[in-house]
Amino acid sequence: MTAADRVYYIIKQRILNGGYAAGSYVRETAIGEELDYSRTPIREALRRLVSDGWVEAIPHHGARVVGWTQHDVEEVFELRVLLEPQVVRRAAKRIREAQLNLLTSFADQMEMLCEQEDECAIDKIAVVNNQFHAELVTAADSPRLQRLLETIVQVPVSRRSFHHYTRDELLRSMQHHREIVRALQSQDGEWAAAIMRAHILAARAAQMRQKQPGNTAQVEQQRKSELSTS
């Protein structure tokens with residue numbers, strides 16, 4: 001792990017656990033003094049965090065943590081639960097063999113990453129998950145749905161959901177991916193839509209649970225307990 005990688009993961013973890021509150025600034029000088037790093041790896045890490053949507057660059061002020069209110073998150077998931085089942089309904093009648101193979105490959109990758117059981121693997125799962133959902137949108141062949149989802153779905157919300165999953169919830173999410181692929185192979189749009197709805201609602205529950213006082217520590221303790229007995 002490079003110095004920039006280490007800074008990236010430290011800052012991101014602090015955003016996830018509330019160490020850096022929404023709207024607060026991540027100061028290069030403070031990070032450099034704390035971790036004893038030069039500005040070069042810190043700036044590289046901040047550029048990645050901006051690119052991934054965790055912080056935003058404010059001219060003449062620095063990097064500010066992107067804020068998401070409970071209302072914002074609820075609204076995103078309410079819209080996703082309406083739109084994404086329709087995506088797979090359409091995809092069931094239009095999907096090609098090559099697209100099914102690609103979705104299966106994404107599911108394989110995510111399951112292998114689940115076996116690694118660390119924070120870096122969770123980030124990689126989130127990236128592949130986004131590719132999985134994007135391929136479903138492509139298979140649906142609906143430019144209007146695609147434009148709506150590109151406007152609504154924000155990567156940080158998706159990524160934060162994975163970080164708040166318990167081990168059982170993460171494995172259930174992987175099972176949803178497999179069942180969505182099976183439904184599409186059967187060209188059963190209603191089956192695929194039902195699983196997608198459950199998939200989105202599970203992500204919403206994990207994300208919203210983090211907003212409740214005291215729950216972050218409880219879930220983290222549960223995750224550690226599950227890992228130690230697995």
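A residue is taken as buried when its relative accessible area is under 20%. By this criterion, 46% of the 230 residues in the chain of this predicted model are buried. The chain contains eleven helices and three strands, arranged from the N terminus as α-β-α-α-β-β-α-α-α-α-α-α-α-α. Of the contacts between residues at least 6 apart in sequence, 77% join residues at least 24 apart. About 11,800 Å² of the chain is exposed, with 49% of this area supplied by carbon and sulfur atoms.

Ten salt bridges were found in the whole structure. In one of them, Lys-12 pairs with Asp-123, the closest N and O atoms lying 2.2 Å apart. Lys-12 belongs to helix α1 and Asp-123 to helix α6 (residues 119–140), so this pair ties together parts 111 residues apart in sequence. Lys-12 has a relative accessible area of 1% and is therefore buried; Asp-123, at 8%, is also buried.

Helix α1 takes part in another salt bridge through Asp-5, whose side chain meets that of Arg-48 at 2.7 Å, N to O. Arg-48 is located in helix α3 (residues 39–51), 43 residues from Asp-5. Both residues of this pair are partly exposed, Arg-48 at 26% relative accessibility and Asp-5 at 23%.

Helix α4 (residues 70–94) has 25 residues and an expected span of 36 Å, which agrees with the 36 Å between its end C-alpha atoms. The helix bends by about 30° at Val-81, with Pro-85 following within four residues. Both Val-81 and Pro-85 are buried, and other buried residues of α4 include Val-73, Phe-77, Arg-80 and Glu-84.

Conventions. Residues are numbered from 1 along each chain as its sequence is written. This is a predicted model: local features need pLDDT of at least 70, side-chain atom pairs count only at pLDDT 80 or more; totals for chains, interfaces and linings use all residues. Side-chain values use heavy atoms; hydrogens and water are left out. Helices (H or I, at least four residues) and strands (E, at least two) are DSSP runs, numbered from the N terminus. Buried means under 20% relative accessible area, exposed over 50%, partly exposed in between (1.4 Å probe, protein chains only). Contact means heavy atoms within 4.5 Å. Accessible areas come from the Shrake-Rupley method with a 1.4 Å probe; for residues, only the protein chains shown count as cover. The expected span of a helix is 1.5 Å times one less than its number of residues. The bend at a residue is the angle between axes fitted to the seven residues ending there and the seven starting there. A salt bridge is a side-chain nitrogen of Lys or Arg within 4 Å of a carboxyl oxygen of Asp or Glu.
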